[in-house]
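Student: Please take me through the model below one point at a time. I would like each answer to end on the value or name asked for.

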Amino acid sequence: MNRNWQDGINFLSKLTLKRLSNGLKVVGSYVYSKISKQPIHWGLPISISFEPTTSCNLRCPECPSGLRSFTRPTGMLQDDLFKKTIDELSNTLLYLIFYFQGEPYLHPQFIELVRYAAKKRIYTATSTNAHYLTDENAKKTVESGLDRLIISIDGTTQDTYQQYRIGGKLEKVIEGTKNIIKWKKALNSTTPHVVFQFLVVKPNEHQIDEVKKLAKDLGVDEVGLKTAQIYDYEDGNELIPSIEKYARYAKQTDGKYKIKNKFIDHCWKMWHSCVITWDGLVVPCCFDKDAHYRLGNLKNTNFKEAWQSADYKNFRASLIRSRSEIEMCKNCTEGTKVWG
């Protein structure tokens with residue numbers, strides 16, 4: 001069986017009548033809100049991202065964790081807060097991403113958190129730089145029930161890899177990948193579905209074909225070619241790819257750069273998903289890396305109250321009214337990921 005089809009079947013196996021019903025409510029709410037221009041929501045999120053930690057071992061130049069540029073504190077997700085929220089949402093939640101900022105495997109109970117959600121038959125995914133996929137961690141990861149493992153690999157040689165993954169070792173990424181593939185075979189497991197995520201920037205764009213070959217040689221299930229978000233792009237940036245389809249930004253006649261995507265006054269993410277930081281803050285999406293738009297605090301309230309709060313309704317209303325009012329939306333290029 002094609003491995004992407006296998007992953008798709010696994011994902012669909014997580015559907016239940018309650019999750020399907022909730023999904024229809026979410027879609028209906030989104031469509032009705034676009035038509036009526038009112039921030040209506042009848043359901044709960046289909047997907048959430050939970051941040052295990054903001055800590056990271058690398059120093060990537062376009063990442064707040066790597067730059068150590070957060071104004072919010074660094075810390076570790078508490079398992080009681082996590083379990084309380086998962087218990088509340090498990091009947092309707094379909095997709096759980098164990099990632100926002102930081103390296104998930106730095107959380108000492110990370111695999112136990114994955115196992116807890118997997119037992120609720122929620123589709124689970126994480127993204128890692130793979131430096132902590134030791135033989136022991138790889139075995140535990142496969143045994144945990146994790147459904148999707150995204151491994152960041154932004155170069156096929158150490159020289160290229162380290163230009164973005166500053167402080168990283170490509171040999172550790174390859175070793176960690178081999179460990180996962182080995183234990184999948186040893187335990188006769190179809191999960192996790194392993195994805196090589198290749199963030200296409202100018203220093204590595206010449207290695208796209210090479211990363212596809214490397215993935216095939218190692219037994220990786222899929223390669224994802226991802227476009228890079230650049231913070232200071234208006235005057236150009238050395239990371240912007242020269243291959244146009246992998247660049248989120250286009251050069252104008254005056255020499256300035258601007259985002260390619262058309263700016264529209266609605267956002268599907270605000271209806272179907274959200275992000276929860278390690279310390280329980282509910283923020284609208286992954287573009288709010290510093291948790292500026294705080295729409296709830298799960299230390300003080302439950303998730304449903306936050307999701308239906310006046311703050312959330314007002315935020316959705318501002319998206320419908322004029323998305324340009326929201327600062328983080330100005331560098332949003334939702335939908336520009338290219339899978340290959």
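Student: Where is P192 found?
Tutor: A cis peptide bond, with omega about 0°, joins T191 and P192. Most peptide bonds are trans, and most residues other than glycine have a negative phi. Helices (H or I, at least four residues) and strands (E, at least two) are DSSP runs numbered from the N terminus. On that numbering, P192 belongs to the loop between α8 (170-186) and β5 (193-200).

Student: Which pLDDT must side-chain atom pairs have to count?
Tutor: Residues are numbered from 1 along each chain as its sequence is written, and side-chain values use heavy atoms, with hydrogens and water left out. This is a predicted model: totals for chains, interfaces and linings use all residues, local features need pLDDT of at least 70, and side-chain atom pairs count only at pLDDT 80 or more.

Student: What is the phi of A130?
Tutor: A130 lies in the loop between β3 and α6 (135-144). A130 counts as buried because its relative accessible area is 1%; buried means under 20%, exposed over 50%, and partly exposed in between (1.4 Å probe, protein chains only). A130 is not a glycine, yet its phi is positive, at about 70°.

Student: And where is the place of K37?
Tutor: K37 is not a glycine either, and has a positive phi of about 65°. Its place is in the loop between α2 (17-36) and β1.

Student: In which sense do β1 and β2 pair?
Tutor: Two strands pair if DSSP finds at least two bridges between them. I48 stands opposite L96 in β2. Strand β1 (residues 47-50) and β2 have three bridges, and the sense is parallel.

Student: What hand does the unit of β2, α5 and β3 have?
Tutor: Strand β3 (residues 123-128) runs parallel to β2, with four bridges joining them, and L96 stands opposite T124 in β3. A crossover is right-handed if, with the strands pointing away from the viewer, the path from the first strand over the helix to the second runs clockwise. With helix α5 (residues 110-119), β2 and β3 make a β-α-β unit that is right-handed.

Student: Which side chains along β2 are buried?
Tutor: In a regular strand the side chains alternate between the two faces of the sheet. In β2, Y95 and I97 point to one face and are not buried. Pointing to the other face, and buried, are L96 and F98.

Student: How many aromatic pairs does a search of the whole structure find?
Tutor: Rings of Phe, Tyr and Trp (its six-membered ring) pair if their centres lie within 6.5 Å; planes under 30 degrees apart count as stacked, over 60 as edge-to-face and the rest as tilted. The number of such pairs found is 15.

Student: How many residues apart are F11 and Y95?
Tutor: F11 and Y95 form a tilted aromatic pair, 6.0 Å centre to centre with 55° between the planes. The pair links distant parts of the chain, F11 being in helix α1 (residues 3-12) and Y95 in strand β2 (residues 95-98), and the separation is 84 residues.

Student: Why is F11 partly exposed?
Tutor: The class follows from the relative accessible area. F11 is partly exposed because that value is 26%.

Student: What kind of pair do Y105 and F110 make?
Tutor: Y105 and F110 are both buried, and ring pairs link them with F50, F82, F98 and Y116 into a cluster. Their ring centres are 4.8 Å apart and their planes at 65°, so the pair is edge-to-face.

Student: Which ring lies under the charged end of R316?
Tutor: A charge sits over a ring if NZ of Lys or CZ of Arg is within 6 Å of the ring centre and within 35 degrees of the ring normal. K289 lies over the face of F287, 5.9 Å from the ring centre. For R316 the charged end is 5.9 Å from the centre of the ring of W271.

Student: Which cysteine sulfur is nearest to that of C56?
Tutor: A disulfide is a pair of cysteine sulfur atoms within 2.5 Å, and a search of the whole structure finds zero. C56 is in no disulfide; at 6.2 Å, the nearest cysteine sulfur is that of C60.

Student: Which residues does T177 contact, leaving aside neighbours within four places in sequence?
Tutor: T177 is found in helix α8 and counts as buried because its relative accessibility is 0%. Contact means heavy atoms within 4.5 Å. Beyond its sequence neighbours within four places, T177 is in contact with I151, F196, L218 and V220.
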